[in-house]
Amino acid sequence: MNQPSVLFVCLGNICRSPMAEAALRARAAEAGIAVTVDSAGTGDWHVGRPPDRRAIIEAGRHGIDISGYRARQAKAEDFLRFSHIFALDPQNLRDLQTIAPRRHLARLGLLMDLVPGREGTAVIDPYYGEAEDFERAWADVSAAADVLIGRLGR
Ligand code: 4NP
């Protein structure tokens with residue numbers, strides 16, 4: 001099988017999807033699983049910027065430095081480059097469906113559909129929230145990364 005490649009997509013690519021990228025990278029490294037991981041936003045406001053300071057702090061609390069990540073916008077070509085694309089919330093999923101090329105092989109889904117009992121739900125956008133909202137988002141993306149790593153490792 002080809003090496004799996006996973007893209008996480010939120011709105012700005014500065015809060016939730018960089019944390020999801022970090023959580024999966026860390027789990028993959030621990031498990032010794034080779035996987036390409038990236039993240040992007042459906043919007044373009046923050047392109048080229050590092051993650052939100054609060055996301056950098058939250059990832060840092062879990063031993064992961066994401067200060068070198070830079071935001072980019074999701075594009076149609078991503079559907080040809082990645083085997084799996086996960087939307088962080090249902091609106092991100094709808095926005096991705098509108099840019100998807102007519103023919104592609106990427107599997108597109110909602111991230112929290114991976115987590116039993118959380119199907120259909122959003123990783124809540126912490127951008128206008130507090131540190132606790134970033135903690136909650138981290139808990140969500142790391143729960144999803146745990147499930148994902150179990151699947152990719154098989
Ligand atoms: P993210 O959070 O989608 O988790 O990166 C947001 C970042 C920026 C904005 C909204 C959400 N914004 O409106 O600029």
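In this predicted model, His84 stands opposite Arg107 in strand β4. That pairing belongs to one of the two parallel strand pairs described below, and the briefing then turns to the ligand, which sits in the second largest pocket.

**Strands β3 and β4**
- Strand β3, made of residues 84–87, and strand β4, made of residues 107–110, run parallel and are joined by 4 bridges.
- Between these two strands the chain passes through helix α4, which spans residues 90–99, and the resulting β-α-β crossover from β3 to β4 is right-handed.

**Strands β1 and β2**
- Strand β1, covering residues 5–10, pairs in the parallel sense with strand β2, covering residues 36–41, and this pairing extends over 6 bridges.
- Within this pairing, Phe8 has Ser39 of β2 standing opposite.
- On its way from β1 to β2 the chain goes through helix α1, formed by residues 16–31, in a β-α-β crossover that is right-handed.

**The ligand and its surroundings**
- The residues around the ligand include a run of the chain made up of Cys10, Leu11, Gly12, Asn13, Ile14, Cys15 and Arg16, and they also include His46, Asp125, Tyr127 and Tyr128.
- Cys10, listed among the residues around the ligand, also belongs to strand β1, while Arg16, listed there as well, belongs to helix α1.
- Backbone N or O atoms come up to oxygen atoms of the ligand at several residues: the distance is 2.9 Å for Leu11, 2.8 Å for Gly12 and 3.0 Å for Ile14.
- On its own the ligand has 350 Å² of accessible area, and the protein covers 91% of that area.

Definitions and conventions: Residues numbered from 1 in each chain as written. Predicted model: local features only at pLDDT ≥ 70, side-chain atom pairs only at ≥ 80, totals over all residues. Heavy atoms only, no water. Pairing = 2+ DSSP bridges. Right-handed = clockwise from strand over helix to strand, strands pointing away. Near = heavy atom within 4 Å. Polar contact = N/O pair within 3.5 Å; in protein donor to acceptor, adjacent residues only side chain to side chain. Areas by Shrake-Rupley, 256 points an atom, 1.4 Å probe, with all protein chains shown as cover. 1 Å grid on protein atoms, 1.4 Å probe; cavity = no way out; pocket = protein on both sides within 12 Å on 5 of 7 lines; lining within 4 Å. Sits in = over half its atoms within 2 Å of the grid points.
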